[in-house]
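Hi,

Here is the structure I promised to pass on. Could you open it alongside this email and follow along with the notes below?

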Amino acid sequence: MENGGAAKKKPRLEDGLQHAHTVCLVLDFGSQYTQLIARRVRENCIMSILLPGDVSLDRIQEIDPKAIILSGGPNSVHIEGAPALPSGFFEWTEKKTIPVLGICYGMQLMVHTLGGKVQTSSLGGEYGQMRIRTTQASQLYSYEADHSQLVWMSHGDSAEDLPADFTVVATSEQGVKVAIESAKRRLYGLQYHPEVMHSERGNLTLQHFLNSIASLKADWKMENVLEEELEKIRRVVGPTAHAICALSGGVDSAVAATLVHKVLGDRLHCVFVDNGLLRLHEAEQVMDTFKNHLHLPVTKVDDSERVLGSLKGIADPEAKRKKIGASFIDVFNNFANGLEKKGGIKPTFLVQGTLYPDVIESCPPPGSHQKHSHTIKSHHNVGGLPKDLQFKLVEPLRELFKDEVRAMGRLPAMNVPEPFLRRHPFPGPGLGVRILGDVTQPDGLAVLRQVDAIFIQALKDGGLYDKIWQAFAVFLPVRSVGVQGDQRTHSYVVALRAVISSDGMTADWYPFQPEFLRAVSTKICNSVRLVNRVVYDVTSKPPGTIEWE
């Protein structure tokens, strides 16, 4: 068969990784730090999989985890309708001797589910960095010599009465039970966040849980993952099928294309779409990189006039994302039909650079009052694809975080140029989500391209570009009064955004020196005729997102 699959059950590209590696499952109950837990696990060379906390027990058993971590969350376990674990969860983990670590809400859920008592603390909540005292005669802290440490607290409820077989192994200065364990049942709980850098020995505690208590095998390494992904591509696509690769100019699609090209060779047809929403000179620079540095076969398609025409009058961010995502699919369908007419080749696969954070952010946790249709944003690779897509998806990076993709690209077998790997992320909808409101409003694209180019060049000239995860400008559809050349002006306001992050799921704004911001603002107002005011965004994620839309 052309697609290389069996008639009854075709293999999926996402199948396999979790069964080839030791897995620590992270169940998400809505904490802003949940994805950081998953990252910390992977930093210890152990594969982590993140699922909503109310996932079925059958799905948990299918993954076959060797350890489970229950995340924190904003809810109270004693309130009606609070997120809960599937029925029979602890009976199953005890039978399989799977160690479970509950963090914050996860600890309270453990206590509540097993018959203990959790209530609003009579001593008041504990927030921020606080000192705790740990007990030497415990499994959780047996490695410690100094049993006093600073940790990061964020809770209003606390465990009052513990279930049978549990003991307190750490308390706060207020006497709150902040760490508990039942070594016999392999159950452990922390009322603080060990995953954040503000907990001075938190990462050591996580390492101890993973390596010593759970005895997990550290087999999550990019060299192994690369070989496994290559083999899966061979198995799924087969020896004769052709594929289209959607190249955006970003790191993810470039690494995905390089990976798939190693297997398919000239059966891979890369398409770079200029949809009119690219940065200044972006199309020319990207095509040069693809052809002269990555040596990938690329066809550029100019679809800008059609896309911009379809966006006229659309201001809703989700509507824009979906419209732009659909336009990409139209291009790929037309391109595939053209190949078939010209050479009798009909590509049946579509390669995308979808990452694990894209998948996570499209599946909100329980207790967030969100359903799959009401996500933080519909990622064009995940939520923006049509139901009648004529291609089978190939997403070789779907289980990786951004820094893992870069690590894979740096492997000698991949040899993706370092300057390309260091490029800041660029959203699939492009400048369409950096112009608030109607993308086709007068002056929006022209002004934004000029401002963005000035900002990014200033970062490179100042040696700041590689210190920042993502930086860009935003066009605001408002005008402000100003004075330029002794004359009153009524011109546009633009916002600058720069954040530091490890995976894009949480982020902090970058603390520029005032002199830098002054110089950039001055250059923008002097160089871009229609701008007379520049503001800098000092919002972290959460509560904001990195992009404005």
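In this predicted model, helix 8 (residues 251–264) and helix 13 (residues 402–410) have axes that come within 10 Å and cross at roughly 45 degrees. Angles from 65 to 115 degrees would be roughly perpendicular and those under 35 roughly parallel, so helix 8 and helix 13 are oblique to each other. The crossing of helix 8 with helix 13 is left-handed.

As for who touches whom, helix 8 brings Val251, Asp252, Val255 and Leu259, and these meet Lys402, Val405, Arg406, Met408 and Gly409 of helix 13. Five of the residues in this contact are nonpolar, three are charged and one is polar.

Now to the sheet. It is open, has nine strands with mixed pairing, and runs in the order 2-1-3-4-11-10-9-6-7. Strand 2 (47–52) and strand 7 (148–155) are the edge strands, each pairing on one side only. From one strand to the next, the twist averages 25 degrees.

Within that order, have a look at strand 10 (residues 177–182) and strand 11 (residues 187–190), an antiparallel pair with four bridges. Here Ser182 stands opposite Leu187 of strand 11.

Two helices lie across strands as well. Helix 2 (residues 34–43) lies across strand 1 (23–28), strand 2, strand 3 (67–70) and strand 4 (100–103), and runs at about 160 degrees to strand 2. Helix 5 (residues 105–113) lies across strands that include strand 3, strand 7 and strand 10, and its direction is at about 115 degrees to strand 4.

Happy to talk it over whenever suits you.

Best wishes

Note on methods:
Residues are numbered from 1 along each chain as its sequence is written. This is a predicted model: local features need pLDDT of at least 70, side-chain atom pairs count only at pLDDT 80 or more; totals for chains, interfaces and linings use all residues. Side-chain values use heavy atoms; hydrogens and water are left out. Axes are lines fitted to C-alpha atoms, for helices over the stretch in contact, and angles run from 0 to 180 degrees between N-to-C directions. Angles under 35 degrees count as roughly parallel, over 145 as roughly antiparallel, 65 to 115 as roughly perpendicular and the rest as oblique. A crossing is left-handed if the near helix is turned anticlockwise from the far one by less than a right angle, and right-handed if clockwise. Contact means heavy atoms within 4.5 Å. Ala, Val, Leu, Ile, Met, Phe, Trp, Tyr, Cys and Pro count as nonpolar, Asp, Glu, Lys and Arg as charged, and the others, Gly among them, as polar. Two strands pair if DSSP finds at least two bridges between them.
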